[in-house]
Amino acid sequence: MSKVQDYEAKTEALILPILERMNFELVDVEYVKEGGTYYLRTYVDKEGGITVNDCEAVAREMNDLLDAADFIPDSYIFEVSSPGLGRPLKKEKDFARNMGKEIEIHTYRAIDRSKEFFGLLKAYSSDSVTIETEDGKELCFNKSDIALIRQAIDF
């Protein structure tokens with residue numbers, strides 16, 4: 001397990017009891033370096049959407065736990081955030097929740113001269129995702145070829 005994966009796993013273990021008590025869902029945890037600063041971010045959600053006050057309540061409890069555990073030697077900024085409308089599908093429950101809904105897929109490399117695909121989520125496994133395009137064509141993608149997958153947003 002890499003250092004980043006270790007930090008994310010330990011953070012998840014600390015935050016899950018807080019979120020379960022508040023009836024919130026953990027969407028993702030990430031430890032990243034941006035512009036010379038490290039960030040430990042947690043993305044949380046709940047039925048009806050998460051609010052700024054919800055994020056603040058989680059952050060207040062979590063800050064004390066992170067200070068006590070002190071498992072990250074680097075200086076970092078801890079953030080609690082909503083996953084937003086463009087939330088990526090990462091976990092099995094994300095895919096299950098989006099079955100039959102329109103999703104958007106961006107690939108690392110062009111497939112038939114395109115890197116962007118839209119369609120209804122028809123199937124998924126640990127290795128692949130299948131969508132049905134507007135013209136009824138089924139496309140199957142290896143997850144390793146997908147740079148981003150999320151629910152399509154119509155404005």
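The following numbered points comment on a predicted model of a single chain.

1. Overall architecture. The secondary structure of the chain amounts to three helices and eight strands. In sequence order, these elements give the pattern α-β-β-α-β-α-β-β-β-β-β. The C-alpha trace extends over about 55 × 35 × 30 Å along its principal axes.

2. Burial and contact range. The chain has 155 residues, of which 36% are buried. When contacts between residues at least 6 apart in sequence are considered, 52% of them join residues at least 24 apart.

3. Geometry of helix α2. This helix covers residues 52–69, 18 residues in total. From its first C-alpha to its last it reaches 25 Å, close to the 26 Å expected at 1.5 Å a residue.

4. The buried face of α2. Asp54, Cys55, Val58, Ala59, Met62 and Leu66 are the buried residues of this helix. Their packing partners are α1 (3–22), β2 (37–45) and β3 (76–81). The list of buried positions includes Asp54, which counts as a charged residue.

5. Packing of α1 against α2. The two helices pack at an angle of about 150 degrees, and their axes lie 10 Å apart. The crossing of α1 past α2 is right-handed. On the α1 side the contact involves Thr11, Leu14, Ile15, Ile18, Leu19, Arg21 and Met22. On the α2 side it involves Ala57, Val58, Glu61, Met62, Leu65, Leu66 and Ala69. Classified by residue type, this contact comprises eleven nonpolar, one polar and two charged residues. Val58, Met62 and Leu66 take part in the contact with α1 and also appear among the buried residues of α2.

6. The largest nonpolar core. This core holds 20 residues, and the members touching the most others are Leu19, Leu40, Phe78 and Val80. Two or more residues each are given to the core by α1, β1 (25–34), β2, α2 and β3. The largest share, five residues, is that of α2.

7. Surroundings of Leu19, and a separate core. Beyond its neighbours within four places in sequence, Leu19 is in contact with Phe24, Glu25, Leu26, Val44 and Val58. Another core, of twelve residues, lies apart from the largest one, and its members include Phe95, Ile105, Leu121 and Ile146.

8. Asp70. Helix α2 is followed by Asp70, placed in the loop between α2 and β3. Although Asp70 is not a glycine, its phi is positive, at about 45 degrees. Most residues other than glycine have a negative phi, and for that reason the backbone at this position merits mention. Asp70 counts as exposed because its relative accessibility is 58%, over the 50% cut-off.

9. Asp112. A second non-glycine residue with a positive phi is Asp112, with a value of about 50 degrees. Asp112 is located in the loop between β4 (102–111) and β5 (114–124). Its relative accessible area is 69%, so Asp112 is exposed. Asp112 and Phe71 are 41 residues apart in sequence, with their C-alpha atoms 46 Å apart in space.

10. Arg150. Strand β8 (residues 146–151) contains Arg150. Is this residue buried, partly exposed or exposed? With a relative accessible area of 23%, Arg150 is partly exposed, because the buried class requires a value under 20%. Leaving aside neighbours within four places in sequence, the contacts of Arg150 are Gly86, Arg87, Pro88, Leu89, Ile103 and Glu104. Arg150 and Asp6 are 144 residues apart along the chain, and 26 Å separates their C-alpha atoms.

11. Lys10. Helix α1 contains Lys10. This residue is partly exposed, since its relative accessible area is 36%, a value between the 20% and 50% cut-offs. From Lys10 to Pro88 the C-alpha distance is 22 Å, the two residues being 78 apart in sequence. Pro88 is also one of the contacts of Arg150.

12. Points to check in the model. Which residues of α1 and α2 make the contact between these helices? They include Leu19 and Val58, a pair also listed as in contact when Leu19 is considered individually. For backbone inspection, Asp70 and Asp112 are two non-glycine residues with positive phi.

Definitions and conventions: Residues are numbered from 1 along each chain as its sequence is written. This is a predicted model: local features need pLDDT of at least 70, side-chain atom pairs count only at pLDDT 80 or more; totals for chains, interfaces and linings use all residues. Side-chain values use heavy atoms; hydrogens and water are left out. Helices (H or I, at least four residues) and strands (E, at least two) are DSSP runs, numbered from the N terminus. The expected span of a helix is 1.5 Å times one less than its number of residues. Buried means under 20% relative accessible area, exposed over 50%, partly exposed in between (1.4 Å probe, protein chains only). Contact means heavy atoms within 4.5 Å. Axes are lines fitted to C-alpha atoms, for helices over the stretch in contact, and angles run from 0 to 180 degrees between N-to-C directions. A crossing is left-handed if the near helix is turned anticlockwise from the far one by less than a right angle, and right-handed if clockwise. A nonpolar core is a set of buried Ala, Val, Leu, Ile, Met, Phe, Trp, Tyr and Cys residues joined through side-chain atoms within 4.5 Å.
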